[in-house]
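The exercises below are meant to be worked with the sequence and the model open side by side. Each one sets a task and then goes through a solution step by step.

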Amino acid sequence: MELFNCLFGVVVVVVVLACDVTAQHHWMLPLQKSQPSPPSQLPQQPSKVHALAAPFDKCQVEVGERIQCGTEDVTAEQCGNINCCFDGQMCYYGKAVTVQCTRDGQFVVVVAHDATVPHIDVDSVSLLETNDPSCTPVDFTSAFAIFQFPVTACGTTIEVEEGDYVVYENHMSSSYEVGLGPRGSITRDSHFELLFQCRYSGTAVEALIMEVNAVPPPIPVAAVGPLRVELKLGNGQCHSKGCMEEEAAYSSFYTPADYPITKVLREPIYVEVNILERSDPNIILNLEHCWATSTSNPHSLPQWDLLVNGCPFHEDRYLTTVVPVDSSSGLHYPTHYKRFIVKMFTFVDQNTFTVQKDTVFIHCATAVCYPSSTNSCEQPCHRQRRAALTKASSGQRAVVSSGEVILTKQRSTKSR
């Protein structure tokens, strides 16, 4: 479909992307103004504003997914002035959030699937203040959701400012899936929020963008028990062809000086727990219970289970992955080690389902097991044989914790 895109008068677009659901650090772009234009002509568009460098090229949209932006005869310069991409023949919307205000008083908002990491489910994006079916997307694909509606409709608020500016403001957000646990709730989905305005006047065009980022919290505190056990997070990376990411991740680890570390939603966290200062090849390290909290206190709430009796918590949609450690690992005592992979998440309030905390600490209750004719020390993931794991004495148990992992700002394109 062809969307209107002729900007008119004064247009202010205010964008808040709340993918990491924090509001601490601010940056904004300078105002760009054009010269007044005669009423019989289209107003001059603002010159292109250069934001902070984007981590990827928003114009790399598959040909089959491209949606026309502007009229068919739009020039490359005109296309750039309305925040769209030009391939030499066609002006199209990029992998971003594009807000336009038309001359005939319409909002046009185009939200791309790739605007954040993890990607937004564009079908979940909606205007907040209305249930009017006419305010749903006029079109959407797997890659884009397209909204177009009058600036006076769909819950838009109207205010007259000094200088005869008429300000129209609306906002939208995306829904996200929440996992409910017995002691806490989490989500791994991006949460997208957008506040947008059009300010109409007959003399100038202005644009303002504001994005909200996180400020790192204090240095974490790790907790250890009487048994000398440590918990480390792997940070190794593949640098050669044919390298397996899972194996490379455990080739190096974050040091205490590296914390707090930052991750994005669903990014893998590679956890290794091992016994220290023991050389008995017969003993086996077992993980009785591994969980996450939002503070360094392993007993604080909320909590989210990762492993229960050494097995992935079955109520988690993104099951924790247990990584086998055997003689092929190159470790001197493979039975002294346990490894697992968790997909990054953030805690949400159990009553309101709003994002509550953006910090995660990982804890594990460990036990040393001695194999016998009646106890193989294995941790089968079914209920019948789990009771054997509770026979270790208190001196052979320990709770060990990670440093602080922070949910960092999701990658997002800059809207104008």
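**Exercise 1. Describe how strand β19 is covered, how it is paired and what surrounds L306.**

Solution. Begin with exposure: in this predicted model, β19 is mostly covered, since five of its six residues are buried.

Next, take the pairing on either side in turn. Strand β18 runs antiparallel to β19 and is joined to it by five bridges, and in this pairing Q303 of β19 stands opposite T293. Strand β20, at residues 311–312, is likewise antiparallel to β19 and is joined to it by two bridges, with P312 of β20 standing opposite L307. The hairpin of β19 and β20 has two residues between the strands, and within this hairpin N309 takes a positive phi near 55 degrees.

Finally, look at L306. When neighbours within four places in sequence are left aside, its contacts include C290, W291 and A292, then C311, P312 and F313, and also F340, F345 and I362.

**Exercise 2. Place L306 in its nonpolar core, and find which strands supply that core.**

Solution. The largest nonpolar core has 33 residues, and L306 is among those with the most contacts inside it, together with V273, F340 and F345. The strands that each supply at least two residues of this core are β15, β17, β18, β19, β22, β25, β26 and β27. Apart from this core lies another, of 24 residues, which has V109, F192, F196 and C198 among its members. As a general background to both, nonpolar side chains in soluble globular proteins tend to be buried together.

**Exercise 3. Work out the order of the open sheet that contains β5, and identify its edges.**

Solution. The sheet has four strands in the order β4-β5-β8-β7, with antiparallel pairing. The edge strands are β4 (97–101) and β7 (139–140), each of which pairs on one side only.

Between these edges, β5 (residues 106–112) and β8 (residues 144–150) run antiparallel and are joined by seven bridges. To fix the register, one can start from Q106, whose bridge partner in β8 is P150.

**Exercise 4. Classify the ring pair of F107 and F196, and say which parts of the chain this pair links.**

Solution. There are eight aromatic pairs in the model. For F107 and F196, the ring centres are 5.0 Å apart and the planes stand at 85 degrees, so the pair is edge-to-face. The two residues come from distant parts of the chain, F107 from strand β5 and F196 from strand β13 (residues 193–200), and are 89 residues apart.

As for exposure, F107 is buried at 0% relative accessibility, and F196 is also buried at 0%. Y250 and F253 can be set beside them as a tilted pair, with 6.4 Å from centre to centre and 55 degrees between the planes. One further step shows that ring pairs link F107 and F196 with F149 into a cluster.

**Exercise 5. Follow the charged contacts of K232, and then compare the exposure of partners in other salt bridges.**

Solution. The structure holds eleven salt bridges. One of them joins K232 to E272, with the closest N and O atoms 3.5 Å apart. Because K232 lies in strand β15 and E272 in strand β17, this pair ties together parts that are 40 residues apart in sequence. K232 is partly exposed, with a relative accessible area of 21%, whereas E272 counts as buried at 2%. K232 also lies over the face of F253, at 4.1 Å from the ring centre.

Turn now to E277 and R228, whose side chains meet in a salt bridge at 3.7 Å, N to O. E277 lies in the loop between β17 and β18 and R228 in the loop between β14 and β15, so the pair ties together parts that are 49 residues apart in sequence. E277 is exposed at 67% relative accessibility, while R228 is partly exposed at 42%.

The last case is E267 with K263, where the closest N and O atoms are 3.7 Å apart. Here E267 is partly exposed at 28% relative accessibility, but K263 is buried at 7%. To finish, salt bridges that share partners join K232 and E272 with E230 and R339 into one network.

Terms used. Residues numbered from 1 in each chain as written. Predicted model: local features only at pLDDT ≥ 70, side-chain atom pairs only at ≥ 80, totals over all residues. Heavy atoms only, no water. Pairing = 2+ DSSP bridges. Salt bridge = Lys/Arg side-chain N within 4 Å of Asp/Glu carboxyl O. Buried < 20%, exposed > 50% of the residue type's maximum accessible area, 1.4 Å probe, protein only. Phe/Tyr/Trp six-rings, centres within 6.5 Å; stacked < 30°, edge-to-face > 60°. Lys NZ or Arg CZ within 6 Å of the ring centre and 35° of its normal. Core = buried A, V, L, I, M, F, W, Y, C linked by side-chain atoms within 4.5 Å. Contact = heavy atoms within 4.5 Å.
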